[in-house]
Amino acid sequence: MSRTKLDLLVGFFVAIGFAALVFLALKVGNLSSANNGETYAIQAKFDNIGGLKVRGAVKSAGVVVGRVADIRFDAETYTAIVTIQVDARYVFPRDTIATINTSGLLGEQYIGFEVGGDADMLKSGDSIKKTQSAVVLEKLISQFMFNKAADGGEKK
Amino acid sequence: MDNLVVRALGALGRQVTTRIWRLGYASRFFIAILMASGTSFRRIHLTIREIYFTGVLSLIIILVSGLFVGMVLGLQGYDTLQRYGSTEALGVLVALSLVRELGPVVAALLFASRAGSAITAEIGLMKATEQLSAMEMMAIDPIARVVAPRFWGGVVSMPLLAALFSAMGIFGGYLVGVQLIGVDEGSFWSQMQASVDFRQDIVNGVIKSVVFGVIVSWVAVFEGFDAEPTAAGVSGATTRTVVTSSLAILAADFILTAFMFSGI
């Protein structure tokens, strides 16, 4: 086989190999949507984070505006301290409420921002005052069952 | 009785020392390859030729296997997911299993049997026909001229083949899931993109395939170079290449996975 043809075939092979990598990065992975731009950190304390994970999404109005950077347990107040990296393009009022929601019935959990009306904005290092913990399905069901039982008892 | 125990212990000890001696020899051989690489890269065309033999000629088997593995994942994944009513997650299932595990591992296993065995047989036969000795007579370092280009050819080809395998598999999963079964195309891709992380999943998959490329190429060139210079010796060395590199790939995969994904 001539050298030029061999070079051509190897060049073709390397090119489609890299094309496959680019396909994986852009079409399959989240490189296209991930902005590695500036972020700022804010903290929020939750009584119960449920199944929230590090790198979980932080959404406002359903749009991803940040990521969960760190989850720690505060041994003094027995709460979970969640550090959130928010995209620097977005600022939120100081009275924003952070809630832990579930996408779908069995989906993964994310933090939702319910935006308030304060004129002051959250800065890097601030913490969110009002939070709402994860809804634990078992608690909800047991509450429902107890209420049912109590209702049934009254009727008799 | 006493004699039997002594002989059994001796045999066990000999097994262990032989293994360790071979491992040490293989490690010194690995360092010798790295030392000779500079000389070998001055004639880069030799390495390009080996990329052709190991990479380009493995394309067909890698692409076809990837397509079928992806299609099977699509069928099996759909079958399980539809019980929980979450068939939209099919894209996530196909993409994550391919990018994290099946792509690098299956491509490396195919690569070991397709290209690794060929490298071993070629070098072993060169040794059996005394071509390597002839090179040394002419003051040509056989490690720089024969071994290093084959090693680097394998190391370069392997990650590219694994990426092609994964891409082809995802395409196969798309064909079965979206085109054949009728999973919603939008949620197939968007859920996939939301769950597959570039650094965590794709880069780790590429790192795995590079490590597997080094392992397969190293085992292949070492077994060939170390082969007994007879017909039976070359065939035994070829078999050992496939067995050893397959086991090493699976063991290394476990170790790498434990390091990469244990934190999640």
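**Exercise 1. In the predicted model above, find how strand 3 and strand 4 of chain A pair, and say what sits in the turn between them.**

Solution. Start with the pairing: strand 3 and strand 4 (residues 79-87) of chain A run antiparallel, and eight bridges hold the pair together. Next, pick out one rung of that ladder. D70(A) has T83(A) as its bridge partner in strand 4 of chain A. Now look at the connection. The two strands make a hairpin with four residues between them. In that turn, check Y78(A), whose phi is positive at about 55°.

**Exercise 2. Work out which strands of chain A pair with strand 2, and in which sense.**

Solution. Take strand 3 (residues 63-74) of chain A to begin with. Strand 2 of chain A joins strand 3 through four bridges, and the two run antiparallel. K59(A) is a handy marker here, since V64(A) is its bridge partner in strand 3 of chain A. These two strands form a hairpin as well, with two residues between them. A61(A) lies in the turn and has a positive phi of about 55°.

Then turn to strand 6 (residues 109-114) of chain A. Strand 2 (residues 57-60) of chain A runs parallel to strand 6, with three bridges between them. Here V58(A) is paired with I111(A) of strand 6 of chain A.

**Exercise 3. Say how strand 5 of chain A is joined to strand 6 of chain A, and name the residue opposite N101(A).**

Solution. Strand 5 (residues 97-102) of chain A meets strand 6 of chain A through six bridges, running antiparallel. Go to N101(A) and look across: Y110(A) in strand 6 of chain A stands opposite. To finish, put the steps in order. Strand 5 pairs with strand 6, strand 6 with strand 2, strand 2 with strand 3, and strand 3 with strand 4.

**Exercise 4. Describe the make-up and packing of chain B.**

Solution. First count the elements: chain B has nine helices and zero strands. Reading along the sequence gives α-α-α-α-α-α-α-α-α. Next comes the overall extent. Along the principal axes, the C-alpha atoms of chain B fill a box of roughly 65 × 60 × 35 Å. Of its 264 residues, 44% count as buried. Then ask how far apart in sequence the contacts reach. Taking contacts in chain B between residues at least 6 apart, 87% join residues at least 24 apart. Last, check the confidence: the mean pLDDT of chain B is 91, with 99% of its residues at 70 or more.

**Exercise 5. Find the largest nonpolar core and the helices that feed it.**

Solution. This core has 73 residues, and those with the most contacts inside it include V147(B), L161(B) and V221(B). Both chains contribute: helix 1 (3-28) of chain A supplies at least two residues, as do several helices of chain B, among them helix 4 (90-128) and helix 8 (198-226). The largest share, 20 residues, comes from helix 6 of chain B. A second, separate core has 21 residues, including I42(A), A57(A), V58(A) and I84(A). Now zoom in on V147(B). Leaving out residues up to four places away in sequence, V147(B) touches I33(B), I123(B), P142(B), V221(B) and F225(B).

**Exercise 6. How many residues does each chain bring to the contact, and which kinds does chain A use?**

Solution. Chain A brings 20 residues and chain B brings 24. Sort the chain A side by kind, and you get 14 nonpolar, four polar and two charged residues. For the complex, the predictor gives an ipTM of 0.79 and a pTM of 0.76.

How values were computed:
Residues numbered from 1 in each chain as written. Chains lettered and ligands numbered in written order. Predicted model: local features only at pLDDT ≥ 70, side-chain atom pairs only at ≥ 80, totals over all residues. Contact = placed C-beta atoms within 7 Å. Nonpolar A, V, L, I, M, F, W, Y, C, P; charged D, E, K, R; others polar. Pairing = 2+ DSSP bridges. pLDDT = per-residue confidence, 0-100. Core = buried A, V, L, I, M, F, W, Y, C linked by C-beta atoms within 7 Å. Buried ≥ 20, exposed ≤ 12 C-beta atoms within 10 Å, placed from the backbone.
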